[in-house]
Structure formats: structure tokens, C-alpha cells
Amino acid sequence: MKTLTLSAFALALTLPSLPALGSDMPQDDTRRKDALTLWGVQFEELEYRYSDDDEELGVWNGDAFYGTDELKFRWLTKGEYAIEEQAYEKLENQLLLQTPVSDFFDAKAGVRFDTPEGPDRTYGVLGLTGLAPHWFEVDASLYVSDEGDTSAEFDAEYELLFTNHLILSAALDATVAFSEDREIGVGKGLVSTEAGLRLSYDLIDRSFSPYLGVVHERKYGDTADFAEAEGGGTEDWFAVIGARVSF
Amino acid sequence: MKKALMAGALGFLMPAMAAAGEYNITVDRVMIDTGDFVKEGIGYNGASPGPVLRFKEGETVTINVTNNLDEPTSIHWHGLILPFEQDGVPGISFDGIPAGETFTYEFPIVQSGTYWFHSHSGFQEPNGAYGAIVIEPEGREPFRYDREYVVQLTDKHPHDANRVMRNLKMMPDYYNRQQQTVGDFFADISKHGFMTTLQDRLAWGDMRMMKADVEDVQGFTGLINGKGPEQNWTGLFEPGERIRLRFINSSAMAYFDIRIPGLEMTVVQADGNNVQPVTVDEFRIGVAETYDVIVRPKTAEAYTIFAESMGRSGYARATLAPEKGMEGPVPGLREAPLLTMADMSGMHGMDHGDTTGADASAGMDHSDMNQGEMAPDGMKDDAVMAADASDSMTGMDHSGMDHGTMIMSEGGASDPFYAEGSGLVPVAANGGKFLSYADLRAQKPLYEEREPTREIELRLTGNMERYTWSINGVKYEDAEPLKLQYGERVRFKFVNETMMTHPMHLHGMWSILDVGAGEWNPVKHVISVQPGTTVYMETEVDAPGQWAFHCHLSYHAASGMFRKVVVEGGPDQGNTARAEVAKDGGDA
Ligand SMILES: [Cu+2]
């Protein structure tokens with residue numbers, strides 16, 4: 001096997017015809033040298049809700065992103081469509097830029113447009129999203145509206161694996177307002193919570209997972225009073241059926 | 001085709017030039033039928049895997065590669081020592097082969113053994129662009145055999161590789177269906193008690209790491225020579241014959257544990273280089289490694305070649321039989337291993353105390369092993385290892401974590417190339433001998449032994465949650481090339497700070513794995529580095545030019561665990577690197 005060393009050496013000796021370190025060396029301008037650019041679309045919730053007082057809603061909560069590890073452009077969309085009234089009770093879109101700030105968390109900033117039935121609002125958004133210890137997916141956002149009102153929203157989600165396909169997920173969403181915005185029915189303090197339990201089954205990979213579940217919505221304090229004054233309820237239980245979709 | 005011309009001139013100058021073999025390869029879209037699913041992919045000469053190329057040491061080969069795809073391609077000759085322009089890595093060795101064009105590779109064959117070739121463009125390799133290389137030596141083989149077969153493994157996934165990458169980036173556990181469930185929690189409680197189980201779950205949850213994170217990409221069908229388990233590739237033999245099996249792991253992501261129930265295997269070659277024969281019942285083949293074994297079935301029965309993936313999420317199966325159609329019993333998959341805290345001992349996040357990651361893994365430092373001469377059958381310095389290991393465990397001990405109560409792996413097997421207490425340590429299914437890196441000894445030293453001129457530390461780093469992989473915390477896109485001087489002997493120190501095993505592959509030059517055997521250290525082209533361990537290899541820098549250096553897990557390489565290596569100098573440069581290096585001896 002000495003011959004190998006020798007012929008490798010001989011090989012090097014015959015190289016003078018090649019400018020071994022000249023400008024002839026290829027520069028890596030292949031895609032390998034570029035940051036991976038990725039995209040994805042997910043609907044965490046895409047469901048039909050039926051409330052304890054016979055209200056029917058179509059609800060979605062999804063997002064789409066495009067970008068790299070370092071910078072992503074994200075579009076978040078949430079909505080609640082009252083089927084009988086044929087009206088959007090909630091219609092919220094956010095356009096965000098997102099960048100990592102730690103191993104497990106991203107900071108995000110952008111704008112939010114609320115365009116349900118009734119008055120519209122535009123907000124500036126600052127937030128954090130990521131994975132907390134013990135596998136809690138958390139998302140916290142601070143909003144400042146074009147009316148100058150400030151509010152905050154906190155989301156947490158946890159998944160319990162009954163099997164590797166049958167998954168129970170628990171979600172909690174809470175909103176707090178730091179000032180009152182009477183026009184859109186928001187009082188100061190804890191505004192509302194939404195808690196949900198959904199039992200899903202991964203039917204096609206992780207891209208289509210139908211689920212069944214229950215959701216509890218509640219309004220608090222002045223916000224609850226405003227809702228009652230408008231003739232609305234302050235607490236609802238829903239049975240939900242839907243699917244988690246990602247592609 | 002200026003490059004090809006120059007290569008031609010180079011070939012002409014070669015003193016070792018003997019016969020010249022000419023080969024034609026086309027790169028094509030093909031259909032791949034695994035028996036479980038049929039999938040469009042990329043192949044050579046109309047099939048995946050491509051042909052087995054048979055070369056002879058000393059000849060100069062001319063290989064015309066015609067790209068019938070509608071995208072650029074390339075072929076990398078994995079493990080072959082050749083001029084860098086012939087190495088086939090777009091952007092590093094050459095410009096690649098544009099759609100519709102033919103590129104002529106020409107290089108002398110200066111080695112013998114089992115190797116393989118594959119595309120180095122995008123994800124063509126996981127999509128099927130791979131084939132085998134067998135090189136007959138100039139002289140006699142130091143072992144006898146009556147017949148031989150190539151046994152080339154892969155992990156064919158129903159998803160196109162681009163989609164696999166995207167899914168992993170969106171959801172790193174997308175393909176992991178071996179995660180611990182509520183049922184496992186209760187099973188652990190009844191086995192280990194409530195508090196121990198709870199503490200175990202809290203410790204892992206605190207790190208946001210999964211014990212089940214052994215294989216990123218599950219859901220594949222294991223293939224042997226392109227045949228799925230149901231299609232059962234069969235090699236024929238006559239009882240009493242010695243059969244040489246040339247195992248090649250061409251997987252994108254899967255390590256395989258290989259056994260042939262009823263037969264002992266004598267390992268005679270690793271990564272194309274002969275090793276002192278070692279007889280085993282089972283061995284683990286890392287991604288891109290090759291192992292040649294000799295088996296001698298004495299009875300006229302069918303034997304199953306069973307290749308279980310390391311994470312037990314899939315398997316490949318083939319048969320050795322005296323007649324076509326015979327089948328041996330096919331074993332079931334064993335229970336999936338789980339990582340332990342020992343596999344996390346290289347992680348930075350673990351060090352809440354004053355010890356650093358490096359300190360924590362120093363216990364596993366294999367340089368310590370060099371002091372005590374290692375017996376051929378592996379680690380004998382158990383006392384030293386145990387002491388070091390307990391040091392490292394105290395080092396990484398942090399608030400609220402009591403390793404005494406951690407749920408550790410069962411079996412108690414140990415291997416110096418795994419963290420002490422690792423959940424990944426393989427155990428032979430029949431309770432017999434499982435090959436360790438520590439068993440490998442070169443048949444003949446390839447290089448004269450000398451002190452390394454310097455040491456380069458390469459920390460293997462990553463973030464599972466973001467599915468980013470890097471070296472020293474830097475992804476390829478942001479990295480400067482690694483510069484080596486022609487004539488150096490560099491000692492590489494790999495520190496695995498992740499919870500995954502990385503098969504590190506340096507192109508163009510040999511990787512001499514330090515198993516503590518001095519000049520008898522085995523010579524390889526892929527070095528598998530287990531979680532929580534530090535492994536050393538040395539390289540004689542004897543090949544000028546630019547080379548690729550990367551983790552051979554396709555999706556790790558693509559997401560950043562990749563470097564360009566530039567070898568500066570060389571005899572033609574009038575550079576005296578070799579002399580200078582000799583002067584400053586070993587300290588660097
Ligand atoms: Cu890797």
C-alpha cells in the first residue's frame with residue numbers, strides 16, 4: 001500500500017500544469033451556498049363550531065410563511081364567520097417579519113388589520129413566539145391600535161400523545177387591554193379567554209389531521225358588560241369539528 | 001470542456017498509467033419500485049441504483065457522464081483519491097454538468113476496495129442517484145473468497161427529498177413517529193416509580209429534547225441493491241463457499257445494524273481499506289460507510305441478510321440461498337432505542353454550572369485512550385473510562401437533576417465510541433459480538449506514523465427545533481473555507497454537541513481514525529461521531545486543491561453541516577510547507 005502514498009505524491013508532482021490555487025478555483029455559487037429558502041402553509045384550526053345556544057360559526061386560524069432561518073415573512077389569518085348572520089364576527093390579518101432571538105424563540109414585528117363587521121382597526125404588532133420548556137408552544141403579542149389603545153395577547157398550546165397519531169391538544173388564548181376602546185367593545189383589563197381541547201388523528205402524514213373538540217369562550221369585566229349591553233352573551237361553549245391542515 | 005482536456009493531459013503524465021478503461025453513464029429520470037410504493041426518481045443508465053463500476057488499481061479510467069435531466073447534475077466518486085477537478089462537487093471541484101451535456105471524468109485509480117458514487121447536486125442522491133464501485137487490487141487480496149456480491153443499502157422515502165427537507169424545517173419531528181406517549185409514561189411509572197419518571201420527563205422537557213430523536217426521517221423502505229424487503233434480493237452460493245459481501249450504505253439518513261442470523265461475519269475491509277480480520281455477529285454501518293465481510297455458509301439453507309435501521313423504524317432485507325426462491329426466517333424489529341442524558345452531555349445548554357461543554361465531554365475524550373495501549377478486542381481501560389465518565393456526569397449535573405434517578409438505557413453495554421451510558425450503544429441480537437470502531441486495525445499502515453502538525457477542533461453543532469446543523473456554530477452559507485497546508489498532518493478533533501450521530505466525510509484525503517492503535521489506526525473516508533462524544537482523526541494533507549467536507553446525512557449537509565476545505569501549497573507552488581512543518585514538530 002506504500003504505492004498509494006507514492007502515487008498520490010506523484011499525482012501531486014504532475015500537477016504543475018494546473019494553477020492549483022489560482023483564480024481558476026471554482027467559487028461555490030451553487031444553491032448549497034445560499035440560505036435555504038422555505039415556505040409553508042398551516043391551519044392550526046379550520047373548523048365548524050356549534051354553540052350551546054345554537055350559534056353556528058366557521059372558524060379558522062392559520063398562517064403562511066416564506067423566508068430563511070434568519071428572516072421570515074409571515075401572514076397570520078384568523079376569522080370567525082357567523083353562518084346564520086352571514087357576517088364576520090372576527091376577521092384579523094397580520095403581516096409580520098420574524099427573526100430568531102434565541103435557540104427557541106423568534107421575535108416578530110408587523111401590522112395587524114381587523115376588518116370584522118363594524119369598525120375597523122389597524123395595529124402595530126410586536127411579539128415573541130417559540131417553544132417554552134416542557135414543550136409549550138407560546139406566542140405573546142403587544143398591539144398598539146391606530147386609536148392609540150394598547151393591548152396584549154397570549155397563546156399557549158400543549159400536545160399530549162395518546163399514540164403517535166392520536167393527539168390531544170390543549171390551547172389557551174387570553175387578551176388583556178391596557179385602555180378602553182368602547183367602539184369595538186373592549187374594556188380595560190382582562191378582555192377575553194378562549195380555551196380549547198381537540199382530539200386529532202394524523203390521517204395523512206402531518207398534513208391532514210381531522211379533529212373533534214370543545215371550545216370555551218368568555219368575556220370579562222367591562223368587555224363583558226359592553227357585550228351584554230349590546231345584547232350578546234359573555235360565555236359560550238362550542239362543540240367543534242375540523243381539521244389541522246399543513247402543506 | 002477545458003477541464004476534461006486538462007485532466008486528459010494529467011492522465012497522460014501519470015506514471016502509474018496502465019490500461020485505460022472507458023465507461024459511459026447516463027443520468028436519467030427513472031421509476032423506483034420498492035415493493036411498498038413506486039416513485040419517480042433519478043438513476044444511472046436507466047436504473048436506481050446505477051451500475052456496479054468495476055475498476056482495476058493502476059488503470060486510468062475515462063467516464064463519460066451524459067446528463068439527460070433538465071437540471072444540472074454531477075457525480076462524486078465517494079472515497080476515491082483523485083485530482084480535485086475530478087471529484088465532482090459543483091462549486092468546489094468543478095462547475096457541474098449542465099442539462100443535456102456530457103462531461104468526461106478521467107483519473108488514475110490509485111487504490112482498491114469497495115466504494116460508491118453518487119450525485120452531489122441538490123437532493124439527487126436521496127432521490128436515487130447512486131451506484132457501487134468495486135476496485136480490484138494490483139496484487140493479491142490478503143484473504144480468500146470464492147464469490148462476491150455488492151450489498152448496497154438505501155432508505156427510499158415516499159416523499160421527494162425537497163419535500164422531506166421542507167417538512168423537517170417546518171416541523172422537525174414531522175417524520176418522528178416513535179415519540180413517547182401517555183402510555184409510555186404510565187409504563188415507566190410502573191417500572192421506575194412515579195417520581196423517577198416525572199423527574200425524567202421534566203429533565204427532558206426542560207431541555208426541549210426528545211429521547212426518541214434517533215432518526216430524523218422515518219417512514220422509508222430499506223432497499224438492498226434496489227429491492228425492498230418483499231422483493232427480496234437474493235445472492236446464490238454453494239455450501240462451503242466463502243462469500244465476500246461488499247456492504248455499502250448509500251442512505252440519505254439511515255444507519256443500519258446488519259446481521260445474518262446463523263452466520264458469523266468476518267470484517268476484512270472498512271471504507272475500502274483492508275483491516276485485520278475481526279469476526280462479529282452484527283455491525284452498524286454509518287451513512288456512506290462501506291464494510292466488506294466474508295461469510296461461509298456450510299449448509300444448503302437460506303440465510304437472511306437483515307439490516308435494521310438504528311432507530312428501528314425500518315429495515316432492509318435480502319437473502320443468501322443455494323437456489324432462487326428460497327427464503328430464511330425474517331426477524332422482527334427490535335425495540336427502538338431512546339437517548340439518555342449521556343447522549344446530551346455534549347450540549348451547551350446542559351451546563352448550568354461552571355463547567356463548559358468541552359469539559360463535560362472530556363470524559364469521553366478518546367485521546368485519553370491512547371495512553372493505555374488498547375487491546376485488540378476493544379477498550380480495556382474500564383477503570384479510567386469509568387472515572388472520567390463519572391467526572392463528566394458531575395460536570396453536567398445541574399439543578400434539580402439527579403442522574404441516579406434518571407431512566408437510563410438498559411443492557412449496560414459499553415463501547416468507547418459512545419458516551420458512557422448512551423442509549424444508542426448497539427447490542428448484537430444473539431448476545432454475541434457487535435463490531436466497534438475500537439476493533440478496527442489497519443491491515444497495513446498506509447502512511448508512516450508521525451506527529452500531527454496541528455489540531456483543528458470541529459464542534460458538531462445544531463438546533464433540532466429549528467433543524468439547523470452547523471460546524472462550530474456556523475452554517476456553510478456563512479462559513480469561510482477551512483485552510484490546510486500541503487504536507488501537513490492535521491489532527492481533527494470532533495466534538496459532537498448535538499443529540500444526533502453525524503457521519504463526517506472528508507473528500508480527497510484519507511481520514512485516519514484514532515482508535516489508539518498508532519500506525520495501525522484504520523483508514524477511512526467517513527467517521528461517525530456519536531452524540532456526547534469526542535473523536536479524533538488525522539489526515540495527511542497530500543492532495544492540493546479544493547475539497548468538500550460534510551456530514552453525510554443529506555438533510556444535515558443541506559441545512560449547513562458542510563465546509564469547503566482548501567489545501568494550500570503543493571510541490572508545484574515552490575512551497576516548502578512540508579519542510580516547515582517538519583521543523584515545528586507536533587505542537588500547533
Ligand atoms: Cu449530521
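This section describes the predicted model, from its overall features to its copper site.

Confidence in chain A is uneven along the sequence. The chain has an average pLDDT of 91, and 91% of its residues score at least 70. Residues 1-23 of chain A are the exception to be noted, with a pLDDT below 50. Beyond near neighbours in sequence, this stretch still has 43 contacts in the model. Where pLDDT is low, predicted coordinates should not be read in detail.

Chain B has 588 residues, and 65% of them are buried. Its secondary structure consists of nine helices and 30 strands. Among contacts in chain B with a separation of 6 or more, 77% join residues 24 or more positions apart. The accessible surface of chain B is about 19800 Å². Carbon and sulfur atoms contribute 50% of that surface.

Two open sheets of chain B illustrate the strand pairing. One has four strands in the order 2-1-4-6, with mixed pairing. Its edges are strand 2 (38-44) and strand 6 (102-108), each of which pairs on one side only. Neighbouring strands in this sheet are turned by 20 degrees against each other on average, direction ignored. Within the sheet, strand 1 (residues 20-33) and strand 4 (residues 60-67) of chain B run parallel and share eight bridges. B:Ile25 faces its counterpart B:Val65 in strand 4 of chain B.

The other open sheet has five strands, ordered 11-19-18-13-16 in chain B, and its pairing is also mixed. Strand 11 (233-236) and strand 16 (282-285) form the edges, pairing on one side only. Here, neighbouring strands are turned by 20 degrees on average, direction ignored. Strand 13 (residues 256-259) of chain B is antiparallel to strand 16 of chain B and is joined to that strand by four bridges. One pairing in this region links B:Phe256 to B:Ile285 in strand 16 of chain B.

Strand 23 (residues 489-496) of chain B is mostly covered, with eight of its eight residues buried. B:Arg489, B:Arg491, B:Lys493 and B:Val495 point one way from the strand. B:Val490, B:Phe492, B:Phe494 and B:Asn496 point the other way. The buried set thus includes charged residues such as B:Arg489 and B:Lys493. Strand 23 of chain B has two described partners. Strand 20 (residues 454-463) of chain B runs parallel to strand 23 of chain B, with seven bridges between them. B:Arg459 has B:Val495 as its bridge partner in strand 23 of chain B. Strand 28 (residues 534-540) of chain B runs antiparallel to strand 23 of chain B, again with seven bridges. There, B:Val490 is opposite B:Thr539 in strand 28 of chain B. In general, strands of a sheet pair through backbone hydrogen bonds, either parallel or antiparallel.

Helix 2 (residues 161-170) of chain B is also mostly covered: eight of its 10 residues are buried. These are B:Ala161, B:Val164, B:Met165, B:Arg166, B:Asn167, B:Leu168, B:Lys169 and B:Met170. The packing of these buried residues involves both chains. In chain A, the partners are strand 1 (38-51) and strand 2 (56-67). In chain B, they are strand 21 (468-471) and helix 8.

B:Met209 sits in the loop between helix 4 (194-207) and strand 10 (221-224) of chain B. B:Met209 counts as buried because its relative accessibility is 9%, under the 20% cut-off. Leaving out residues up to four places away in sequence, B:Met209 touches A:Trp135, B:Trp204, B:Met344, B:Met347 and B:Met499. One of these contacts, B:Met499, is 290 residues from B:Met209 in sequence. Their C-alpha atoms are 8.5 Å apart in space.

The copper ion has three protein donors in chain B: B:His502 through ND1, B:Cys551 through SG and B:His556 through ND1. The donors lie 2.0 to 2.1 Å from the ion. Their spacing in sequence is H-x48-C-x4-H. B:His502 belongs to strand 24 (residues 502-506) of chain B, whereas B:His556 belongs to helix 8 (residues 554-558) of chain B, so the pair ties together parts that are 54 residues apart in sequence. Both B:His502 and B:His556 are buried. Helix 8 of chain B thus recurs in two settings: B:His556 lies in helix 8, and the buried residues of helix 2 of chain B pack against helix 8.

How values were computed
Residues numbered from 1 in each chain as written. Chains lettered and ligands numbered in written order. Predicted model: local features only at pLDDT ≥ 70, side-chain atom pairs only at ≥ 80, totals over all residues. Heavy atoms only, no water. Donors = N, O, S within 2.8 Å, 3.2 Å for Na, K, Ca; no water. Buried < 20%, exposed > 50% of the residue type's maximum accessible area, 1.4 Å probe, protein only. Pairing = 2+ DSSP bridges. Axes fitted to C-alpha atoms, helices over the stretch in contact; angles between N-to-C directions. Contact = heavy atoms within 4.5 Å. Areas by Shrake-Rupley, 256 points an atom, 1.4 Å probe, with all protein chains shown as cover. pLDDT = per-residue confidence, 0-100.
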